[in-house]
Amino acid sequence: MWRYSRIPELDLADYLPFVDELPTDDGVPAGLAPVVARLGRCSATVMVVNGQVVHVEVDETATAAGVQVGRLTELDPEGSMLASVTGEATNAFGLLHDAFLAEAVLVRVPRGVVVADPVAVLHWTDADHSATFPHLMVEAGENSEVAVYDHGASPDVDALVFPVVELHAGPAARLRYVNAQMLGPRVWQLGRQVSRVERDAAFSTAMVALGADYGRLEVESVLAGKGSSGEMLAVYFGEQDQMHDFRSLQDHVAPRTTSNLLFKGAVQGRSRSVYTGMIHIAKAAAGVDAFQTNRNIKLSQGAWAESVPNLEIENNDVRCSHASAVGPVDEDQRYYLESRGVPPAAAERLIVLGFFEEVLDRLAVPAAVPALRAEIAAKLARRELDLEAGVDAGVNAGVEGDVGAEEVGAGA
Amino acid sequence: MRSGEVHAVMGPNGSGKSTLAHVVMGRPGYHVVAGAITLDGADLLAMAPWQRAAAGLFSAMQYPTEVPGVALADMLEEALVAVGRGGGDVAARMRTEAERIGFDERFLARPLNVDLSGGEKKRNETLQLGVLQPSIAILDEVDSGLDIDALRLVARRVEAETEERGLGVLAITHYRRLLTELRPDQVHVLSKGRIVASGGSELADQLETTGYAGYAETDGAEPEGEGPGVATAP
């Protein structure tokens with residue numbers, strides 16, 4: 001689980017859990033104002049500053065439909081819901097999270113309710129040398145529908161964030177979750193996201209990780225009910241010394257479940273990325289379709305990407321495949337653009353943006369996408385400046401090629 | 001080749017027609033061992049492919065590459081910016097060109113060559129030629145995959161470029177049909193990497209009946225020492 005990670009560099013003594021007497025509602029933190037403006041209409045908006053819920057608003061339609069968004073302590077005073085999806089903490093960071101958790105956010109959609117506009121949960125971390133422990137729970141009732149946009153951002157502070165997200169899609173629910181990680185260049189994130197998908201539910205999670213010094217996220221999806229499906233998408237793009245670290249689990253517990261994972265990453269400068277993923281198919285889970293694809297573009301000699309797909313299959317009536325690749329920009333694609341007169345750096349910018357488009361185009365909260373796309377373009381523009389200045393050698397040769405692709409299939 | 005001229009290159013499979021196109025454009029993987037390629041006196045072999053394009057060369061590919069997620073308009077805009085012709089209304093020019101060759105406008109929004117049929121890809125290449133306005137164009141089997149009506153439109157579009165702007169064309173083809181619309185000034189027969197015959201359009205007519213059999217005989221032994229160098233006459 002920690003292989004290739006940067007955990008040995010972490011010194012917890014550098015950080016203190018953030019404590020504030022009483023969080024005051026100062027409205028929208030300046031750093032989040034542009035995010036709010038871009039999102040436009042939302043069914044509910046929650047602001048979380050340094051791990052503390054400072055602002056909650058829910059529109060009238062959602063309130064009238066019984067949608068609950070707010071502090072868990074107010075909506076679930078007995079605290080029976082907390083950790084209902086994640087279960088017990090699995091490691092020391094989970095225990096830390098549980099011990100220092102200030103306030104969890106709950107989004108609860110009643111049975112049969114379709115929430116028209118996205119629910120936005122916006123996190124802002126600006127306390128230097130702080131450790132914060134945000135916690136989000138989404139409970140989508142039977143046959144309900146909701147899209148949740150979770151945005152984590154910070155100015156350039158030295159901070160540690162331990163986010164935990166619990167997503168529960170009730171029977172036949174349509175729950176779609178999008179997470180944008182736009183933390184400052186010195187922030188560390190050690191996150192965990194667990195989803196549980198019940199009978200016939202359609203679940204989707206998408207992560208866009210562009211920020212942080214070290215941004216780690218464990219993403220686990222449990223396909224717990226017959227006929228449920230889970231889509232897992234990610235885009236990550238590191239520059240300078242950034243590192244993005246994703247660990248995924250597609251856990252098929254029930255029969256006739258489907259999961260489809262597509263993670264696409266790029267590394268430039270001296271940045272690094274890790275993807276390790278597991279498809280687990282339990283003995284009882286017959287008739288499963290499970291797919292896992294991880295593709296990475298390596299844009300400089302000094303950058304490094306690791307991709308490790310895994311399968312663990314206990315039932316032979318399954319269709320299962322995994323594929324992973326790490327390599328430079330496709331030479332034929334670049335030649336095509338260059339043959340039309342597009343200079344190499346611009347050609348690579350267009351191709352990398354196009355590479356990510358396959359995921360960005362599918363995000364459940366389209367209003368959030370242009371800004372994410374713009375940030376990716378800004379990173380590529382910084383690379384072009386570096387290339388012009390001769391700071392960074394591009395990768396024009398030395399194809400590393402496919403790490404591996406494998407298909408496993410059996411059964412009727 | 002001079003401006004405004006159309007040169008047809010014909011020859012059996014494997015004779016080196018596409019290799020010629022690739023080498024002139026600068027596709028990676030080819031090593032020129034002899035000869036020179038110049039455009040208005042500039043040494044193309046010393047240039048990267050994008051610089052050759054910026055110098056006025058265009059190569060319509062036999063098998064255009066699919067580039068997922070990249071819009072045609074974005075690519076053309078970048079190419080025009082690189083030669084100081086950016087900032088215009090690329091979309092409008094694309095629509096005008098599309099109309100001239102009967103290219104369905106809804107294809108303009110698709111990622112480059114993705115989900116396009118063979119014929120649509122060839123029209124897409126021709127459309128790009130129209131927007132980029134090169135001075136010399138290589139068309140590598142631009143006629144393959146096109147139906148008769150589309151072939152006529154594409155050939156007429158290229159022919160118009162030769163007449164209106166003096167575009168010079170090197171058209172690689174297997175079929176005389178292209179050459180009835182796009183009238184060649186010269187026809188060359190390529191065999192084993194060498195031009196073994198050149199003539200007027202009557203040469204294409206003759207090939208139609210005799211095939212390449214006669215030219216294979218004149219081909220003789222493999223060239224010794226230096227490989228099949230690629231060169232254009234001044």
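Which side chains meet in a salt bridge of 2.9 Å, N to O? They are those of A:Arg349 and B:Glu78, where a salt bridge is a side-chain nitrogen of Lys or Arg within 4 Å of a carboxyl oxygen of Asp or Glu. The model is predicted, so local features need pLDDT of at least 70 and side-chain atom pairs count only at pLDDT 80 or more, while totals for chains, interfaces and linings use all residues. Residues are numbered from 1 along each chain as its sequence is written, chains are lettered from A and ligands numbered from 1 in the order in which they are written, and side-chain values use heavy atoms, with hydrogens and water left out.

Across the interface of chain B and chain A, three salt bridges are found. Chain B brings 29 residues to the contact and chain A brings 20, contact meaning heavy atoms within 4.5 Å. The two chains bury about 2,000 Å² between them, 68% of it on carbon and sulfur atoms; buried area is the accessible area (1.4 Å probe) that two parts lose on being put together, summed over both. B:Glu78 appears again here: together with B:Trp50 and B:Met75, B:Glu78 supplies 27% of the area that chain B buries against chain A, more than any other three residues.

Turning to the strands of chain A, strand 9 (residues 145–153) and strand 12 (residues 174–182) run parallel and are joined by nine bridges. Strands are DSSP runs of E with at least two residues, helices are runs of H or I with at least four, and both are numbered from the N terminus; two strands pair if DSSP finds at least two bridges between them. A:Ala153 has A:Met182 of strand 12 as its bridge partner. Strand 12 also pairs in the parallel sense with strand 14 (residues 202–209), over eight bridges, with A:Arg174 standing opposite A:Ala202.

Further along chain A, strand 20 (residues 288–298) is joined to strand 18 (residues 258–267) by ten bridges, the two running parallel, and A:Val267 stands opposite A:Lys298. Strand 20 pairs with strand 22 (residues 318–327) in the parallel sense too, over ten bridges; there, A:Asn294 is partnered by A:Ser324. Eight of the eleven residues of strand 20 are buried, so this strand is largely enclosed by the rest of the structure. Buried means under 20% relative accessible area, exposed over 50%, and partly exposed in between (1.4 Å probe, protein chains only).

Aromatic rings offer another view, with twelve aromatic pairs found over all chains. One of them, A:Phe100 with A:Phe133, is stacked at 5.5 Å centre to centre, with 25 degrees between the planes. Because A:Phe100 lies in helix 4 (residues 92–100) and A:Phe133 in the loop between strand 7 (130–132) and strand 8 (135–140) of chain A, the pair ties together parts that are 33 residues apart in sequence. Rings of Phe, Tyr and Trp (its six-membered ring) pair if their centres lie within 6.5 Å; planes under 30 degrees apart count as stacked, over 60 as edge-to-face and the rest as tilted. A:Phe133 is buried at 4% relative accessibility, whereas A:Phe100 is partly exposed at 40%. Both belong to one aromatic cluster with A:Trp2, A:Phe93 and A:Phe162.
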